[in-house]
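Subject: the structure I promised

Hi,

Here is the structure we talked about, with my notes underneath. Have a look at it first, then read on.

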Amino acid sequence: MPERIAAATARGRHAAQGALALFGLLVVLLAGVFVHAQAQRVFLDDTARRGDTTLRLAVSTLTAQLDRFQRLPRLVAEQPVIRALAAHPHDPARIAAANLTLRHIAVTLGASDIYFMDPGGITRAASNFDHPTSFIGGNFAFRPYFTQALAGGEGRFFALGTTSGKRGYYFGAPVRVDDRIAGVMVVKIDLDAIEDTWRGGDDEVLVTDPENIIFLSSRPDWLFRPYVRPDADAADRTRATRRYADRAITGAPLLTGLPGPDGLARPGTGGAMLALSEWMETAGWKVTVLLDTALARRQAIVFTLAVMLALGLLMALAAALWQRRARLRDRLAMQAAARAELERRVAARTAELAALNARLGAEVAERAAAEANLRQAQADLIQAAKLAALGQMSAALSHEFNQPLAAVRNYAETLPALVERGRTDEARRNAGRILALVDRMAALGRDLRNFARTPERGVGRASLPEVIRAASEIAGPRLRAVGADLAVTLAPDLPAVAGGPLRLEQVLVNVITNAADAVDGRADRRILLTAEPTATGARIRVRDFGPGVPDALRERIFDPFFTTRGVGRGLGLGLSISYNIVKDFGGELTLVDPEGGGAEFRIDLRRAADEGIQAA
């Protein structure tokens with residue numbers, strides 16, 4: 001009963017939640033559309049205010065520059081030297097005097113060029129008279145500033161110089177002599193400095209002529225291209241005045257069209273920009289500022305998303321409160337039905353718990369017995385490990401003492417015979433060898449740490465020729481027993497290596513006797529021992545021509561108690577002990593397959609340090 005009530009209540013609550021969520025989503029979307037439109041308008045208005053400031057600054061700068069030179073042509077035309085030249089335009093002396101005067105005025109006032117033209121349009125004197133691109137002799141009667149000034153008015157014109165190829169604004173004024181116009185005085189100014197200040201800013205600034213051709217711009221790639229698509233008459237006027245000399249006006253219009261319904265221009269380079277323009281009536285120019293609206297649009301989107309997120313959070317909070325109240329009402333309704341169901345289940349659960357307690361008691365007793373058995377097994381394992389370690393140590397001692405004892409026995413057996421024959425020197429040497437072997441066995445008893453040796457033990461300095469000679473003597477009886485021939489080849493420049501001489505001798509004896517066992521009964525019983533220096537120390541090779549080591553046994557060759565010999569012919573500890581000794585010396589003992597069969601053991605040892613080496 002409570003389950004059915006809960007299921008019905010949950011279905012009703014889920015349906016209400018779905019309708020509420022759909023309604024909230026619709027409200028958020030509608031609010032987002034409205035807020036985005038308003039936010040975009042606000043941010044675009046802010047961008048427009050910033051652009052209006054830039055536009056006013058650009059217009060005022062251009063106006064100030066033009067006003068600065070507006071009256072200069074009339075003032076220069078009043079100079080006596082200019083009037084004298086206008087009265088006698090072919091006089092070389094007056095031309096030279098006028099040239100110097102015009103150059104001085106141009107340099108002093110910062111004008112680009114100042115020049116005088118006779119009524120026929122021929123330039124008679126110029127400030128650039130000594131330049132390769134001098135205007136002297138040039139005819140500029142086709143320019144509007146000349147015709148306007150010759151008619152008695154003020155000439156104004158912006159154009160690309162036909163001689164210099166540089167942009168400039170031209171002011172023209174008539175030169176009067178005896179109440180007649182005897183020539184025209186022209187001042188050309190350069191606006192490149194103003195244009196340079198526009199570059200590098202956040203906004204793009206451009207100036208167009210009456211035919212909508214861009215002649216000043218913060219973007220060099222926009223120069224001399226139409227701002228909008230020009231008509232045929234505008235192109236004819238531009239060609240008639242040679243405003244841009246012989247330069248062709250090419251390229252697609254900068255704007256793909258006039259500003260759209262949203263007030264944004266679309267430059268041919270890509271995204272929408274806000275275009276603000278102002279006419280300069282005196283100059284006949286239109287100054288335009290193009291502002292990138294990407295930031296304003298992003299700000300509008302971010303603001304809209306923030307508002308939508310805040311509204312969504314508020315609606316989610318309201319929905320959560322409503323759901324909480326709904327769940328509280330459902331909970332109160334379900335509590336009454338659950339109470340009765342709970343009382344019914346308590347009785348059944350009490351019986352189940354009694355049976356469970358009985359089973360738990362039995363499991364506790366069973367686990368206690370298992371724990372006692374586990375403790376006994378652990379004690380047995382510890383005792384077995386102790387016995388195994390003791391057996392391993394005994395076997396290692398037995399293996400390492402067998403070879404020195406065999407050598408001692410051999411020397412002792414020959415000692416009486418040498419004494420009887422009067423060979424006392426050889427007997428004395430045999431006695432010395434016996435004492436050395438006894439010392440070696442005593443040292444082995446002290447230093448036997450095959451499998452539990454501390455790695456911090458000091459490493460000595462060993463001479464390879466002496467170690468190899470001693471090892472060959474100890475292994476001699478075994479070599480003679482199997483009829484093996486040991487050939488030793490030592491490089492003359494062998495360095496001293498890091499390692500205890502006694503333990504290194506033990507390694508060589510083990511490897512040589514293993515080689516002797518390998519060639520026992522073979523036709524080829526050669527054993528080759530070579531030693532040579534390496535970049536880091538020295539390498540010893542011991543090669544036999546026996547059956548070699550099968551691949552299946554190669555990984556276990558250095559394991560303790562592993563041997564390939566028959567039962568009773570070895571404990572399998574020699575190579576394991578040798579491997580650990582070489583490793584303690586910082587070297588490496590490896591097995592390789594030489595060409596021609598057999599086996600080869602390589603012992604790589606480090607070069608002994610000059611300091612901190614213990615005595616042999």
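One bit of vocabulary before anything else: contact here means heavy atoms within 4.5 Å, and the angles I quote run from 0 to 180 degrees between N-to-C directions, with axes fitted to C-alpha atoms. You'll want both for the helix packing below. Also, please keep in mind that this is a predicted model.

**The overall picture**

The protein chain has 616 residues, and 38% of them count as buried. It carries 13 helices and 17 strands. If you take the contacts with a separation of 6 or more, 63% of them come from residues 24 or more positions apart.

**The antiparallel sheet**

I'd start with the sheet built from β2, β1, β5, β4 and β3, in that order. It is open, has 5 strands and pairs in the antiparallel sense. Which strands stand at the edges? They are β2 (123-126) and β3 (155-160); each has a single partner strand, so one side of each has no neighbour in the sheet. From one strand to the next, the twist averages 25°.

At the β3 end, the pairing with β4 (residues 167-177) is antiparallel and runs over 6 bridges. If you want a spot to zoom in on, R156 sits opposite F171 of β4.

Two helices lie across this sheet. Helix α3 (residues 80-87) crosses β1 (113-117), β2, β4 and β5 (180-189), at about 75° to β4. Helix α4 (residues 92-109) lies across β1, β2 and β5, and its angle to β2 is about 50°.

**A buried leucine**

L72 belongs to helix α2 (residues 72-77). Is it buried or exposed? With a relative accessibility of 9%, L72 counts as buried, because the cut-off for that is under 20%. Setting aside neighbours within four places in sequence, the contacts of L72 are I105, L109, I114 and V187. Take L109 from that list: L72 and L109 are 37 residues apart in sequence, while their C-alpha atoms are 9.3 Å apart in space.

**Cavities**

How many cavities of 30 Å³ or more does a search of the whole structure find? There are 3. The largest cavity holds about 50 Å³ of space. Its lining is made up of Y115, F135, F140, R143, Y145, G161, T162, T163 and Y170. By class, that lining splits into 5 nonpolar residues, 3 polar and 1 charged. For your purposes, note that tyrosine goes with the nonpolar group in this count and glycine with the polar one.

**The mixed sheet**

Further along the chain there's another open sheet of 5 strands, in the order β12-β14-β15-β17-β16, and here the pairing is mixed. β12 (485-490) and β16 (588-592) are at its edges, each with a single partner strand, so each is left with one side lacking a neighbour in the sheet. Ignoring direction, neighbouring strands of this sheet are turned by 15° against each other on average.

Where does the mix come from? Going along the sheet from β12:

- β12 and β14 run parallel and are joined by 6 bridges; T489 has T530 of β14 as its bridge partner.
- β14 and β15 run antiparallel, with 7 bridges joining them, and a hairpin of 3 residues connects the two. T530 turns up again here, with R541 in β15 as its bridge partner.
- β16 and β17 (residues 599-606) pair in the antiparallel sense over 5 bridges. E588 has D604 of β17 as its bridge partner.

Helix α10 (residues 464-482) lies across β12, β14 (526-533), β15 (537-544) and β17. The angle between α10 and β12 is about 175°.

**One more residue**

P501 is placed in helix α11 (residues 501-519). With a relative accessible area of 23%, P501 is partly exposed. Its C-alpha atom is separated by 9.7 Å from that of A470, which is 31 residues away along the chain.

Happy to go through any of this with you once you've had a look.

Cheers

Conventions. Residues are numbered from 1 along each chain as its sequence is written. This is a predicted model: local features need pLDDT of at least 70, side-chain atom pairs count only at pLDDT 80 or more; totals for chains, interfaces and linings use all residues. Side-chain values use heavy atoms; hydrogens and water are left out. Two strands pair if DSSP finds at least two bridges between them. Helices (H or I, at least four residues) and strands (E, at least two) are DSSP runs, numbered from the N terminus. On a 1 Å grid over the protein atoms alone, a cavity is a set of points where a 1.4 Å probe fits but cannot get out, and a pocket is an open set with protein on both sides within 12 Å along at least five of seven lines; lining residues have an atom within 4 Å of a point. Grid points are joined across faces, edges and corners, and a volume is the space filled by probe spheres set on the points. Buried means under 20% relative accessible area, exposed over 50%, partly exposed in between (1.4 Å probe, protein chains only).
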